[in-house]
Amino acid sequence: MIIREAGSGDFEGLLAVMRSAPWDKTQYLERTLERRNVVVAELDGHILAYIVWNLEFFSLPFIWLVTVLPEYRRKGLASRLIAWVEERCTNQRLYSSTNRSNVAMQRLLEGRGYRRCGEVDVDPGDAEVFYHKTLSVNMGDDGLEPPTFAL
Ligand SMILES: CC(C)(COP(=O)(O)OP(=O)(O)OC[C@H]1O[C@@H](n2cnc3c(N)ncnc32)[C@H](O)[C@@H]1OP(=O)(O)O)[C@@H](O)C(=O)NCCC(=O)NCCS
């Protein structure tokens, strides 16, 4: 198993993983792939999972999307992808979010030490829950709390 940045030749593999989730992110993946914002978990030449992250959340690191092929879930793949991103965000606060209904993603983030920092009613009836994790012992929480927002 290797974790690596995705390239243009990975598009079809990303789409295959995407189709296992209940949403169409084809154009989004095309755009983020061009910007080199996608990282994949690959085994024997097959993409099993991907993560999309960049600095487009108020210039702060943000994990936008993680998807793992159903038959490879609960094997630590998403956790390994998030760890890959975390390693590149030392001395920063890394953010992510998920719908209130997405218990799997919430457990995943909370298990990795992410703290809830707000909710936004993006999808009416299924609010987006925001999380953050501070990735340095030198960045204590004192004075560094992000704004809490809720609608
Ligand atoms: C959410 C998702 C990315 C998790 O991927 P994964 O590779 O299965 O996650 P991991 O194996 O790294 O899980 C790590 C921990 O997260 C928690 N977790 C993961 N899936 C869970 C589930 N379905 N229910 C409860 N807890 C879960 C557990 O604590 C797990 O540790 P454990 O297996 O030792 O109990 C995957 O279920 C998925 O692709 N879902 C569809 C797409 C999606 O909803 N993405 C998130 C929105 S951006």
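Domain bounds here come from an automatic or database domain assignment. This is a predicted model, in which local features need pLDDT of at least 70 and side-chain atom pairs count only at pLDDT 80 or more, while totals for chains, interfaces and linings use all residues. Residues are numbered from 1 along each chain as its sequence is written.

**Exercise 1. Work out where the ligand sits relative to the domains.**

Step 1. Start with the bounds: the assignment gives domain 1 (1-89) and domain 2 (91-151).

Step 2. Look at the shell of 20 residues around the ligand, where R73, A78, S79, A104 and R107 come nearest. A residue is near a molecule if its C-beta atom, placed from the backbone, lies within 6 Å of it.

Step 3. Ask which elements build that shell: β4, α3 and α4 (103-111) each give two or more residues. Helices (H or I, at least four residues) and strands (E, at least two) are DSSP runs, numbered from the N terminus. The most comes from α4, with 6 residues.

Step 4. Conclude: both domain 1 and domain 2 give residues to the shell, so the ligand lies between them.

Step 5. Finish with chemistry: the shell has 10 nonpolar, 6 polar and 4 charged residues. In this count Ala, Val, Leu, Ile, Met, Phe, Trp, Tyr, Cys and Pro are nonpolar, Asp, Glu, Lys and Arg are charged, and the others, Gly among them, are polar.

**Exercise 2. Describe how the two domains meet.**

Step 1. Take the separation: the C-alpha centres of domain 1 and domain 2 are 19 Å apart.

Step 2. Count the contacts: 11 residues of domain 1 touch 8 residues of domain 2, where contact means C-beta atoms, placed from the backbone, within 7 Å.

Step 3. Assign the domain 1 side to elements: β4 (60-68) and α3 (77-87) each supply at least two residues, and α3 has the largest share, 5 residues.

Step 4. Sort that side by class, and you get 9 nonpolar, 1 polar and 1 charged residues.

**Exercise 3. Trace the sheet and find what packs on it.**

Step 1. List the elements: the chain has 4 helices and 7 strands, running β-α-α-β-β-β-α-β-α-β-β from the N terminus.

Step 2. Order the strands: an open sheet of 7 strands reads β1-β2-β3-β4-β5-β7-β6, with mixed pairing. Strands pair if DSSP finds at least two bridges between them.

Step 3. Find the edges: β1 (2-5) and β6 (115-120) pair on one side only.

Step 4. Zoom in on β6, which runs antiparallel to β7 (residues 128-134) and is joined to that strand by 5 bridges. One of the partnerships puts R116 opposite Y131 of β7.

Step 5. Add the helices. Helix α1 (residues 11-18) packs on the sheet, touching β2 (38-43), β3 (46-57) and β4, and its direction makes about 95° with that of β3. Helix α3 touches β1, β2, β3, β4 and β5 (93-99), at about 40° to β3. Axes are lines fitted to C-alpha atoms, for helices over the stretch in contact, and angles run from 0 to 180 degrees between N-to-C directions.

Note on methods:
Contact = placed C-beta atoms within 7 Å.
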